[in-house]
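Reader: I am new to this structure and would like to learn how to read it. Could you take me through it feature by feature?

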Amino acid sequence: MDFALTEEQTLIFDMAKSFGEEHIAPFAQQWERDGTMPKDLWPKLAELGFGGLYVSEEFGGSGLSRLDATLVFEALAMACPAVGSFLSIHNMCGGMIDKFGSEELKQRVLPGLCSMEKVYSYCLTEPGSGSDAAALKTRAEKTNDGYVLNGTKAFISGGSYSDAYVVMCRSGEDGPKGISTVIVDDGTDGLSFGALEHKMGWKAQPTSQVQFDDCKVPLENLVGDEGRGFSYAMAGLDGGRLNISAGALGGAQQALDQTVQYMSERKAFGRSIDQFQALQFRLAEYETKLQAARIFLRQAAWKLDNKDFEATKFCAMAKLMVTDVAFEVANGCLQLHGGYGYLADYGVEKIVRDLRVHQILEGTNEIMRLIVARQLIAS
């Protein structure tokens, strides 16, 4: 077994980390206060190939593996988990279109997606259907020209900010087999947005409801086959769970790195606090947990890349384990900072707030337990 990254993978991680240190970290606190991120950030990331990480090269993508992608999101999250996670959502949309879209659709939309000339959001959750995603109500009535959408999506990262929305909607019967996926471009008649949500973390990401009122979508914006949208959404979530886990891991690693530095400088009772054995034990525990989480995450990504029959279970287990561990470590790092950890100037409290939602989205960790248990029992 070889757990080492290849030379190319190490380069990918270092490139993302350097970009984050120069273009994201110095501005992350200001973007959080502003409640938004500058649009000109995304084409810079796209120049590194991060706009279409697993989109085929023929459409302008990088054609990377899911394991490669986790390296990008871990590294970017060390600068700001909210920014890295927003890029993850955009890439989830790109991966879905590349895998399931028609040739015409891919040729038309993927080059702009990969260059990040257009930023994409993913619209699955509704006010009345979160974990029970197959119960979604947003309706798509078919016409001669395409579809007319009516309904509301909730908690949408990029709502009112993004240039296009990948929307799961009900085009047929109740249940998962009646769901299709369409792309709705910003500016489409009938598309509107709720007020921006006030959140605990991920404040740099504009988040709102996305509303459809007789919103007309052309037939050519259908992704894949009608009635297959739920399976497309679920397939995308395996990779999304890995990316969200990688973002949590990167944020927690940054919190630990900052804490080690802080403890070497902070003095109490005549010596730096990193010399107290009880606190050293805490550092050792956190480092061990993060390294174990990292190995497990990369194993799950390897299984997804190799289409292993247990990939979905391992992606769920990784999401459950990594996001829980990451929040525990970040929260513990805040404690090791003492009162200073509670101050925004030190940056640790922001990481704690940002990482809390990683235990909720892309399927709550309770749902991850359900997925794992069901597959375990079925086997």
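Author: Gladly, and we can begin with salt bridges. A salt bridge is a side-chain nitrogen of Lys or Arg within 4 Å of a carboxyl oxygen of Asp or Glu. Before we use that, a word on the source: this is a predicted model, in which local features need pLDDT of at least 70 and side-chain atom pairs count only at pLDDT 80 or more, while totals for chains, interfaces and linings use all residues. Residues are numbered from 1 along each chain as its sequence is written, and side-chain values use heavy atoms, with hydrogens and water left out.

Reader: How many salt bridges does the count come to by this rule?

Author: The count is 17 salt bridges. The general idea is that side chains of opposite charge can pair when their charged atoms come close. For a case, look at Glu104 and Arg108, whose side chains meet in a salt bridge at 2.8 Å, N to O.

Reader: Where are Glu104 and Arg108 placed relative to each other?

Author: Both are in helix H6, and because they are four residues apart, about one helical turn separates them. Helices (H or I, at least four residues) and strands (E, at least two) are DSSP runs, numbered from the N terminus. Helix H1 (residues 7-24) has a pair with this kind of spacing: Glu21 and Lys17 are four residues apart, about one turn of the helix. The closest N and O atoms of the Glu21 and Lys17 salt bridge are 2.7 Å apart.

Reader: Is Glu21 buried, exposed or partly exposed?

Author: For these words we use relative accessible area: buried means under 20%, exposed over 50%, and partly exposed in between (1.4 Å probe, protein chains only). Glu21 has 46% relative accessibility, so it counts as partly exposed. Lys17 is partly exposed too, with 26%. In the H6 pair, Glu104 is at 40% and Arg108 at 38%, so each counts as partly exposed.

Reader: Which salt bridge links distant parts of the chain?

Author: Try Lys142 and Glu226, with their closest N and O atoms 3.5 Å apart. Lys142 is in strand S2 (residues 139-142), whereas Glu226 is in the loop between strand S7 (207-218) and H7, 84 residues away. Lys142 is exposed, with a relative accessible area of 53%, and Glu226 is partly exposed, with 38%. Salt bridges can also join into a network, as they do for Glu32, Glu349 and Arg353.

Reader: What should I look for in the backbone?

Author: One thing to check is the sign of phi. Most residues other than glycine have a negative phi. Met116 has a positive phi, near 60°, and is found in the loop between helix H6 (103-114) and S1. Ser160 also has a positive phi, near 75°, in the loop between S3 and strand S4 (164-170).

Reader: What are the relative accessible area of Met116 and the relative accessibility of Ser160?

Author: Met116 has 3%, so it is buried, while Ser160 has 39% and so counts as partly exposed.

Reader: How do I read a pocket?

Author: Picture a 1 Å grid over the protein atoms alone: a pocket is an open set of points where a 1.4 Å probe fits, with protein on both sides within 12 Å along at least five of seven lines, and lining residues have an atom within 4 Å of a point. Grid points are joined across faces, edges and corners, and the volume is the space filled by probe spheres set on the points. The largest pocket holds about 1200 Å³ of space. Its lining has 41 residues, with Thr125, Ile360, Leu361, Glu362 and Gly363 nearest the centre.

Reader: Which element gives the most to the lining of the largest pocket?

Author: That is H7, with six residues. Other elements that each supply at least two residues include helix H5 (81-100), strand S1 (120-123) and helix H11 (365-378).

Reader: And how much space lies in the second largest pocket?

Author: About 510 Å³. Of its 22 lining residues, Arg66, Lys99, Ala235, Leu304 and Lys307 are the closest to its centre. For this second largest pocket, H5 gives the most to the lining, with six residues.
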